[in-house]
Amino acid sequence: MLNRTTEDWERLRELSALLKELPHLAAGLGFTFYSFRYTSPPYELHSENLLPGGRRIVQAALDFRPPYLQSSDIPLLWEPKTFAKGPALWSQARELGLCHGWLQPVHQGVIRSCLALLRPHVSMSITELYEKAAGAMWLTERLHLAAGRDAAVRSKSISLGLG
């Protein structure tokens, strides 16, 4: 992530450039799989490289969070206890190679994003989480802001009858 020019970083403000670069950015953080979801009324965006069924499992992990964390930006570790309410989903996740990693949510009222960073091998340690959390949070926020700008442009185009 660090070997980029100022022009690269400026270009990465745009949603299309970020989504194109997302596989490389996730790999730079040490993860094979990623899933980014942005939702705001009435706009929704998904970008992922998960195998079929993976998106449903990521959403279930978020839904299993305790109510007091539903609107939190605190990372959610991807581990068996995350799936205590749905142990069959943990088995399915492991079959899909979604074994280790975390989910990084971002909330702004009803506007929500989440970046899941997952891999099949090498368990997550607390040390790795601390080392990579800033990069994952930065990436999630960049994606969230770019998707928000894209949603606003699309909304404006629709209201002007251009889309």
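In the predicted model, the lining of the largest cavity comprises three nonpolar, three polar and two charged residues. These lining residues are S35, R37, H46, R55, V58, Q59, L62 and C114. The largest cavity encloses a volume of about 60 Å³, and a search of the whole structure returns one cavity of 30 Å³ or more. With four residues, helix 3 makes the greatest contribution to the lining of this cavity. Strand 1, which spans residues 33-40, and helix 3 each provide at least two of the lining residues.

An open site was also characterised. The largest pocket holds about 200 Å³ of space. Its lining is formed by R37, T39, Q59, L62, D63, R65, Q70, P105, H107, R112, S113 and C114. Four secondary-structure elements, namely strand 1, helix 3, strand 4 (100-108) and strand 5 (111-119), each supply at least two residues of the pocket lining. By class, the pocket lining consists of three nonpolar, five polar and four charged residues. R37, Q59, L62 and C114 occur in the lining of the largest cavity and also in that of the largest pocket.

Helix 3 was further examined for its packing against helix 4. Helix 3 covers residues 54-63 and helix 4 covers residues 87-95; the two pack at an angle of about 140°, and their axes lie 10 Å apart. Because of this angle, helix 3 is classed as oblique to helix 4, given that the roughly antiparallel class is reserved for angles over 145 degrees. The crossing of the two helices is left-handed. On the helix 3 side, the contact involves R56, I57 and A60, which meet L89, Q92 and A93 of helix 4. The residues of this contact comprise four nonpolar, one polar and one charged. Helix 3 thus appears in three settings: the contact with helix 4, the lining of the largest cavity and the lining of the largest pocket.

Two features of the backbone were recorded in loops. The peptide bond from P41 to P42 adopts the cis form, with omega near -5°. P42 is situated in the loop that joins strand 1 to strand 2, the latter spanning residues 43-48. The second feature concerns V122, a residue other than glycine for which phi takes a positive value, near 70°. V122 belongs to the loop between strand 5 and helix 5, where helix 5 comprises residues 126-159. The strands that precede these loops, strand 1 and strand 5, each contribute at least two residues to the lining of the largest pocket.

Technical notes
Residues numbered from 1 in each chain as written. Predicted model: local features only at pLDDT ≥ 70, side-chain atom pairs only at ≥ 80, totals over all residues. Heavy atoms only, no water. Axes fitted to C-alpha atoms, helices over the stretch in contact; angles between N-to-C directions. Parallel < 35°, antiparallel > 145°, perpendicular 65-115°, else oblique. Left-handed = near helix turned anticlockwise from the far one by under 90°. Contact = heavy atoms within 4.5 Å. Nonpolar A, V, L, I, M, F, W, Y, C, P; charged D, E, K, R; others polar. 1 Å grid on protein atoms, 1.4 Å probe; cavity = no way out; pocket = protein on both sides within 12 Å on 5 of 7 lines; lining within 4 Å. Points joined across faces, edges and corners; volume = space filled by probe spheres on them.
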